[in-house]
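Dear colleague,

Please find below the structure that I am handing over to you, with its sequence. My notes on what was found follow directly after it.

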Amino acid sequence: MQRKKSELDLSLHPHRRFNPLTGEWILVSPHRTQRPWQGKVEDVPAETKPEYDPACYLCPGNARAGDARNPPYTSTFVFDNDFGSLLPSTPRGRYTRGSLILAEGEAGVSRVVCFSPRHDRTLAEMDREETRNVVDVLAEEYRSLGSLPYIRHVQIFENKGAMMGCSNPHPHCQIWAERTVPVEPAKEARRMLAYRRARGRCLLCDYVSLELKLAERIVCVNEGFAVIVPFWAVWPFETIVVSRRHYGSLTGMREEERDEFADIIRRIAVRYDNLFRISFPYSSGIHQSPTDGKKHPESHFHMHFFPPLLRSATVRKFMVGYEMLANPQRDITAESAAARLRDISEVHYRRCPASE
Ligand code: H2U
Ligand code: ZN
């Protein structure tokens, strides 16, 4: 069918897309990439990591900073960050100079969670049971940190790959729990609350059912979750993992939903690795209800994956120029990124080297 000249074609015309979760816009310039992805894989040296690295400060039994030493742990291992960005004992004082200069003490807890004793096993390569164990540990951390009277928000995140500033290849994530709700989750919370007040429904419940119906940006699904390249994606291959049932946190999940969450994060992690046959770099994080003791019927459990890519597997994306001064911009559309991720195998490339 011939399109009218005036009709907006999202795969052709520069356009703005709205992010209902943050209330912000992004600029999409699809005409700059007529192909789905112009990136080539540069020569990334094949990584072969040992199961155990005597020099790794996260491996079992090894020394950490200061006097600390890891126990000979056999599954997941959680410890207080030796260089925590947030500290429990921080005074709550305020500092002001007029109305324009303002600071507040921010108390909190920083932790590191090693996914497993294996130095070489990322989420993509862990088995079902190990991933499920990570989910259980994260749920317990959210519950126990969130129940501290002064903690109002628990941010779980993973920086994966040196490109993302991850200081150690041993698979791990971090938890920063603090007295106030930080900027990004606060933005999303305001939007989810406003949507619920205006329509009496949940923003992400409506979004996930709309995307399942349209089926243009879905990467993979199971009973409990959908992985979507969000319509407003900024980062190439950015995804959002949304629960299909409405609840606000890991502690709101049913038993089987914990298994389904473990399943879906393993599957998207495998797809990412298979995209360029590298251990794929990203920052990911889970957004959950604030832990301020109030009910949050507006908040809907989800996880973001933000890959730092620009033109290829190894060229890192920085927000520069227009993006620093105006708003984010991207060339690859959410639809073409979703198609690429959807077509990729869920068998990790390292497990089937002969087949390709
Ligand atoms: P990355 O996720 O950015 O790699 O950070 C790992 C954390 O491990 C980092 O926050 C902590 C660093 O402070 N760490 C320790 O707690 N003890 C150590 O002995 C080294 C690193
Ligand atoms: Zn290690």
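Ala215 sits in the loop that runs between α3 (203-214) and β9 (218-221). The model is a predicted one, and in it Ala215 has a phi near 55 degrees, a positive value in a residue that is not glycine. With a relative accessibility of 46%, Ala215 counts as partly exposed. A similar note applies to Arg277, which is not a glycine either and has a positive phi of about 55 degrees. Arg277 belongs to the loop between α4 and β12 (282-287), and its relative accessible area of 37% makes it partly exposed.

The metal site may be of interest to you. Which residues are the protein donors of the zinc ion (ligand 2)? They are Cys56 and Cys59, each through SG, together with His119 and His170, each through ND1. These donors lie 2.0 to 2.3 Å from the zinc ion. The angles among the 4 donor atoms run from 103 to 116 degrees, and the site is tetrahedral. For comparison, the ideal angle for four tetrahedral donors is 109.5 degrees. Along the sequence, the donor residues follow the spacing C-x2-C-x59-H-x50-H. Cys56 and His170 thereby link distant parts of the chain, being 114 residues apart. Cys56 is in the loop between β2 (24-28) and β3 (77-80), whereas His170 is in the loop between β7 (153-160) and β8 (172-178). Both count as buried: Cys56 has a relative accessible area of 3%, and His170 has a relative accessibility of 0%.

I turn next to the nonpolar interior. In soluble globular proteins, nonpolar side chains tend to be buried together. The largest nonpolar core here has 54 residues, and the members that touch the most others are Leu138, Leu250 and Phe261. Helix α4 (residues 255-276) supplies the largest share of this core, with 10 residues. At least three residues of the core come from each of domain 1 (17-28 + 182-351) and domain 2 (77-178). A second core, separate from this one, has 14 residues, among them Val208, Ile218, Ile228 and Trp232.

Phe261 deserves a separate word. Apart from neighbours within four places in sequence, Phe261 is in contact with Val135, Phe225, Val241, Leu250, Met253, Ile286, Phe301 and Met303.

Which kinds of aromatic pair does the model show? There are 15 aromatic pairs in the structure. In one of them, Phe225 and Phe261 are tilted, at 5.2 Å centre to centre and with 40 degrees between the planes. Phe225 is part of strand β10 (residues 225-228) and Phe261 is part of helix α4, so this pair ties together parts that are 36 residues apart in sequence. Phe225 and Phe261 are both buried.

The pair formed by Phe237 and Phe276 is edge-to-face, because the ring centres are 6.3 Å apart and the planes stand at 85 degrees. Phe237 lies in the loop between β10 and β11 (239-243) while Phe276 lies in helix α4, so the pair joins parts 39 residues apart in sequence. Phe237 is buried at 0% relative accessibility, and Phe276 is likewise buried at 6%. These two residues are also members of one aromatic cluster, which is formed by Phe237, Tyr272, Phe276, Phe280, Tyr282 and Phe305.

Two further residues complete these notes. Asn327 is placed in the loop between α5 (322-325) and β14 (329-330). Is Asn327 buried or exposed? At 18% relative accessibility it counts as buried, since the cut-off for buried is under 20% relative accessible area. Not counting residues up to four places away in sequence, Asn327 touches Trp25, Ile26, Leu27 and Tyr322.

His287 is in strand β12 and, at 11% relative accessibility, is buried. Leaving aside neighbours within four places in sequence, its contacts are Gln155, Pro185, Glu188, His300, Phe301, His302 and His304. His287 and Glu298 are 11 residues apart in sequence, and their C-alpha atoms are 13 Å apart in space.

With kind regards

Conventions:
Residues numbered from 1 in each chain as written. Chains lettered and ligands numbered in written order. Predicted model: local features only at pLDDT ≥ 70, side-chain atom pairs only at ≥ 80, totals over all residues. Heavy atoms only, no water. Core = buried A, V, L, I, M, F, W, Y, C linked by side-chain atoms within 4.5 Å. Buried < 20%, exposed > 50% of the residue type's maximum accessible area, 1.4 Å probe, protein only. Helix = DSSP H or I, 4+ residues; strand = E, 2+ residues; numbered from the N terminus. Domains from an automatic or database assignment. Contact = heavy atoms within 4.5 Å. Donors = N, O, S within 2.8 Å, 3.2 Å for Na, K, Ca; no water. Tetrahedral: all angles 85-135°; square planar, octahedral: opposite > 155°, others 65-115°. Phe/Tyr/Trp six-rings, centres within 6.5 Å; stacked < 30°, edge-to-face > 60°.
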